[in-house]
Amino acid sequence: MTLDGEALEQLRKRVRAGGADKYHAANAAKGKLFARERVALLVDEGSFVEDGLYANASAEGLPADGVVTGTATIDGRQVCLMANDSTVKAGSWGARTVEKIIRIIERAYAAGVPMVYLVDSAGARITDQVDLFPGRRGAGKIFWNQVRASGSIPQVCALFGPSAAGGAYIPAFCDVVAMVDGNASMYLGSDRMVEMVTGEKTTLEAMGGARVHCAESGVGHFLCKTEAEALDVVKRYLSYLPANWTQAPPAAPAVPASAKVDLAALVPASERQAFDMRRYVKGLLDEDSFFEIQALWAKELTIGFGRLDGEVVGVVGNNSMFKGGVLFVDSADKATRFVQLCDAFNVPLLFLSDVPGFMVGSAVEKQGIIRHGAKMITAISEATVPKICVVVRKAYGAGLYAMAGPGFEPDATIALPTAKIAVMGAEAAVNAVYANKIAAIADETERAAFVAAKRAEYERDIDIVRLASELVIDTIVEPHDLRAELVRRYAAARGKERHFSRRRHGVTPV
């Protein structure tokens, strides 16, 4: 068929318009933008070059086969992207949808540029399953390409609607996922399927809504109020990362730390008193540079990107405001993934330790706390980027190991004057060693004096100056000097040799 200019323009207009007006109206009523509007808001004006515009053009009601793919720039940096068009068969996948997604991921990987996924899809079209599901270029090839690209190029997902069934794995294979509250969801089976298979009556929101995944499952990373906020998360996330694993993270102009935060005053003298590590991080890094990740999940551990004198760092800090800063199964997983992300993209790591250790008890043992803790410690061991451990207040038990203590070849172990490093806290240690003797002392005053004496003896044994004198730690730094100390030490470690082990890969205790 030969097209003249006018016919081609009409076809182009029809394809770019997406689905029927009623589907556009239904989306607008939910506060949802058209896929092409999302792309326009995300990328630099005039930079988008579309591929596969005429996919399935001969079919009725399937413009672009329900997905927009192409290349663009964000803040002047090249990216590849895909955006499901939920006005076309609810953004479901056909054979050409799948092929377009595969091709754009392959292009991102080959070019060494970030891949952005703007997801809003009901999953595969069951009517097209033979064409899109089982073959060598079927839907499985999307995930194969995502796994191959993982750690090679940044992959970030903004989720605006459903991500159903097998399609739910697209967000899962991304580095981070931003979800729009009230509209975004991820689930392997619909509520109707769940009831049919298990008898459970539920809803998509209760089972796989944005808040569930950002606060409970940990599959989501950012809970966003609006689509514009989710797109801003994508931009900000990419601003901390290089285009690919061979490059350094982009530097920015140096900005002083916030003058509003007194680091010394922020840390209470008593280790029983909690403080907010997020405030400490913000007072240490360049002002307004901290970009917290997974703020709603496993809150006893704070993670995120920030800048020190303009240079990107990844922060892992224990937050005693939540569960006393103790490490649980979820917080171990949270740390593991973030450490691997930073190591993949050459982001130096900063560990801020205020950790009583890993949680104990039958409940966490049944959840596999040992296995999950081992996974975290594996990630710390394998990370070859510059890494510095700062003991802000305490590092007890295996918590010292999980926070990149001296045995894990950090580029420095720094202690603040408030720091304590020990197998356990003084109170627990005295009770463990002298429990019988304490119980045998009948006089309350005598018992209290005995416990106080033994605690003082224990405190002398773990004195931070003693640990510095024996080279367990590298230096003791006053809080107001910590930022400058870190800037100098990261600069010195920037060119370090990054080989870890003679092997293909380890056997991770997943």
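Here are four short exercises on the structure above, each with a worked solution.

The model is predicted, so local features need pLDDT of at least 70 and side-chain atom pairs count only at pLDDT 80 or more, while totals for chains, interfaces and linings use all residues. Residues are numbered from 1 along each chain as its sequence is written, and side-chain values use heavy atoms, with hydrogens and water left out.

**Exercise 1. The largest pocket**

Find which residues lie nearest the centre of the largest pocket, and where the pocket lies relative to the domains.

Step 1. Start with the term: on a 1 Å grid over the protein atoms alone, a pocket is an open set of points where a 1.4 Å probe fits, with protein on both sides within 12 Å along at least five of seven lines. Lining residues have an atom within 4 Å of a point.

Step 2. The lining holds 29 residues, and Ser150, Gly151, Gln340, Leu341 and Ala344 lie nearest the centre. Two elements give two or more residues to this lining: α14 (329-344) and α16 (369-382). Helices here are DSSP runs (H or I, at least four residues) and strands likewise (E, at least two), numbered from the N terminus.

Step 3. Helix α14 supplies the largest share of the lining, eight residues.

Step 4. Domain 1 (5-240) and domain 2 (277-421 + 463-493) both contribute lining residues, so the pocket lies between them. These bounds come from an automatic or database domain assignment.

**Exercise 2. Two salt bridges at strand β1**

Work out which arginines pair with glutamate 50 and aspartate 51.

Step 1. Recall that side chains of opposite charge can pair when their charged atoms come close. The criterion is a side-chain nitrogen of Lys or Arg within 4 Å of a carboxyl oxygen of Asp or Glu. A search of the whole structure with it gives 27 salt bridges.

Step 2. Glutamate 50 pairs with arginine 36, their closest N and O atoms being 2.7 Å apart. Arginine 36 sits in helix α3 (residues 35-42) and glutamate 50 in strand β1 (residues 49-51), so the pair ties together parts 14 residues apart in sequence.

Step 3. Aspartate 51 pairs with arginine 107, with 2.8 Å between the closest N and O atoms. This pair links distant parts of the chain, 56 residues apart: arginine 107 is in helix α4 (residues 95-111) and aspartate 51 in strand β1.

Step 4. Now check accessibility (buried is under 20% relative accessible area, exposed over 50%, partly exposed in between; 1.4 Å probe, protein chains only). Arginine 36 has 17% and counts as buried, arginine 107 has 40% and counts as partly exposed, and aspartate 51 has 23% and counts as partly exposed.

**Exercise 3. A buried pair**

Locate the partner of aspartate 286 and say how far apart the two parts are in sequence.

Step 1. The partner is arginine 483, with the closest N and O atoms 2.8 Å apart.

Step 2. Aspartate 286 lies in the loop between α13 (277-284) and β9 (291-293), and arginine 483 in helix α21 (residues 479-493), so the pair ties together parts 197 residues apart.

Step 3. Both aspartate 286 and arginine 483 are buried.

**Exercise 4. An exposed aspartate**

Is aspartate 131 buried or exposed?

Step 1. Aspartate 131 belongs to helix α5 (residues 129-132).

Step 2. Its relative accessibility is 60%, so aspartate 131 counts as exposed.
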